Protein chains: 2
Amino acid sequence: MELRQLEYFMAVATHQNFSRAAEHVHVSQPSLSIQIGGLEKELGTRLFDRLGRKVVLTQAGELFQVHAERALREVEQAEQVVHELLGAKRGRLIVGTLSTVNSYLIAPLVSRFKLRFPNIHLQVHAQPSSEIVNGLLANRLDIGICLLPLTHAHVTTIPLFEERLALIAPASMNIGKRRARMQDLAQLPLVLMPADYCLRKMVESECAKAGVHPQVVLEMTSPEGILQAVAEGTGATILPELYVKSRLPASQLQIIDLYDPTPRHTVGLAYLTKRHRGQAAEEFAALCETTMRDLQSDSTQPPRNKRKGRAA
Amino acid sequence: MELRQLEYFMAVATHQNFSRAAEHVHVSQPSLSIQIGGLEKELGTRLFDRLGRKVVLTQAGELFQVHAERALREVEQAEQVVHELLGAKRGRLIVGTLSTVNSYLIAPLVSRFKLRFPNIHLQVHAQPSSEIVNGLLANRLDIGICLLPLTHAHVTTIPLFEERLALIAPASMNIGKRRARMQDLAQLPLVLMPADYCLRKMVESECAKAGVHPQVVLEMTSPEGILQAVAEGTGATILPELYVKSRLPASQLQIIDLYDPTPRHTVGLAYLTKRHRGQAAEEFAALCETTMRDLQSDSTQPPRNKRKGRAA
DNA sequence: TACATTCCATAGTCTTTGACTATAGCTGGT
DNA sequence: ACCAGCTATAGTCAAAGACTATGGAATGTA
């Protein structure tokens, strides 16, 4: 059985006339007759009684019509949902993000995204980079926001923006200045993530460049926990500046710029190389960049009126 | 879009592998690849991501799958309902019958029919012959049970059985014998149907043959009403013997055989010549004959034990 | 009754399309 | 680095659908 036959069938059932039906489906009358004939032959019974002037459904035809109509409607809808997806009018996007990035970027990003694509079902999971990669490989995530570089056979990354890292010290700790050299870290007790975390590796490599060996007094996996430990005076830490600023708990902490060199890392979009990224994913990545640009310009020059609206 | 493509699509979605899917739908792998490719091209997006080992649905594919599956199921059901109809496992049968026939034949007929085809929806309308013909022409009825002969351009008839007509007289009326000649009718007040009814025409023609002119004292359209009028002594009438026997109200009536000649008429099945008669209609007609045969053998030889079961 | 019209079915021709085989290209595992 | 497994492409062939022309039945009209 073919969809064509169902369409022709419905046309005849509607018009009760082969010739009119043929015009309606844009084929010649013989073509339509043959298709209906074939359908009837296949089913083993007549679907229409040809009564001189009119053509009417047999009982078999009536029963058949119910399901033929539904089948055609489902086919139509199958097309429709895909087209809506392409137009980003519907769909689903599951994003994995680093919890640090999650804290300051995701909230404004999500709100912008939802504004533009209200019917895309969005899910955001805060996870460490390794879990994001696993999630992508297992198809649990559509895209991830990770630290770069990330080299994995099947994962492609696109740099989105850089994060500056800053030294975070308890208010009680006397650093004595607003800026610190990387070398100065050698003298501080540090609270860092475990060795297999990206952020820790990054810190280690920066320290190595500066020729210092950090004194790690506590390892914690969550940046949230680290901040709390720092606030209680356990030690200092190094975290993305924007992250800390987004949740600075009533200035119990000092944020101290690092330089010589300033540690930075690149945040990027990650996705399975062969996996088809939907419209929604593309848009999400684009919004990611513009949102970040806005955040950084607000952060680096807070008193300056780069954004007139706010300054006024 | 073609049903073939939906089937192939579902196979790939199920097996997550083109080659296996191809085996499953009994085509070569390239054929299947091409069809999927065509479908994706038509929809304007990938439905599957080909990840080396596995093949997984894209988001578009997932949305598409829902409706594709439903569409295929509807097509399957469309076939199914027709096949069930052919096997008379379901369906509908609307029958028009003469009210006289209706009274004695339909009850046992319907019960037998329902026994054999419990899922056929049966509807029986008692109507005069002319209405039955109209009903057939207007497709309100599937088949009709009428008096023959009935000649109409589009209606075909099949004789089923003969009905003997008998003289029905009120108990009060003194006929003096169990049998009466047609000629005897001339002396009786008669209650008959109006002139445009088949039964009346039939009586008229029988009378004409016998050379008598009936004295009609009352015309009524319903045989039921006629019987009541007769019971009250308004006059005698001529009705199918079986009909009267089926509803003899506590022997207030005499049933008198007519002879010389015995008036009879033929009851037959009528249907639109070009209309396709379903399995149910065929079976109904067949049951009609056998049921009638049983009724007549019970009626003509009530004391004799033609049906051993009863006699014992 | 005969004629004109309408409508569906059939015949014959042509183009499209789907299926097949063989093979290339890529991936993943040994 | 090679082998095994999988999908995509190329090329050929046969089936199927569409079209035009026409036949034949039924309907309505002069």
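**Notes on a two-chain model with DNA**

1. Let's start at DNA strand D: the surface near this strand divides into 6 nonpolar, 9 polar and 4 charged residues. Here Ala, Val, Leu, Ile, Met, Phe, Trp, Tyr, Cys and Pro count as nonpolar, Asp, Glu, Lys and Arg as charged, and the others, Gly among them, as polar. "Near" is used for a residue whose C-beta atom, placed from the backbone, lies within 6 Å of the strand.

2. Before going on, a word on the source. This is a predicted model, where local features need pLDDT of at least 70, side-chain atom pairs count only at pLDDT 80 or more, and totals for chains, interfaces and linings use all residues. Residues are numbered from 1 along each chain as its sequence is written, while chains are lettered from A and ligands numbered from 1 in the order in which they are written.

3. Back to DNA strand D. It has 19 residues around it, and the closest are Ser28(A), Gly52(A), Phe18(B), Pro30(B) and Ser33(B). Two or more residues each come from α3 of chain A and from α2 (18-24) and α3 of chain B. The biggest giver is α3(B), with 5 residues. (Helices are DSSP runs of H or I, at least four residues, and strands are runs of E, at least two, numbered from the N terminus.)

4. Now look at DNA strand C. Of the 22 residues around this strand, Phe18(A), Pro30(A), Ser33(A), Ser28(B) and Gly52(B) come nearest. This time α3(A) provides the largest share, 5 residues. The split here is 7 nonpolar, 11 polar and 4 charged.

5. How do the two protein chains relate? A rotation of 180° with 0.1 Å of shift along its axis puts chain B on chain A, with an RMSD of 0.2 Å. That is the relation of a two-fold axis. The superposition is by least squares on the C-alpha atoms of residues with pLDDT of at least 70 in both copies. In chain B, the residue closest to the axis is Ala71(B), its C-alpha at 2.2 Å.

6. Have a look at α5(B) too. This helix covers residues 99-116, 18 residues in total, and reaches 24 Å from first C-alpha to last, close to the 26 Å expected at 1.5 Å a residue. The expected span is 1.5 Å times one less than the number of residues.

7. Finally, chain A is assigned domain 1 (3-86), domain 2 (91-161 + 266-300) and domain 3 (162-264), with bounds from an automatic or database domain assignment. The centres of domains 1 and 3 of chain A, taken over C-alpha atoms, are 72 Å apart.
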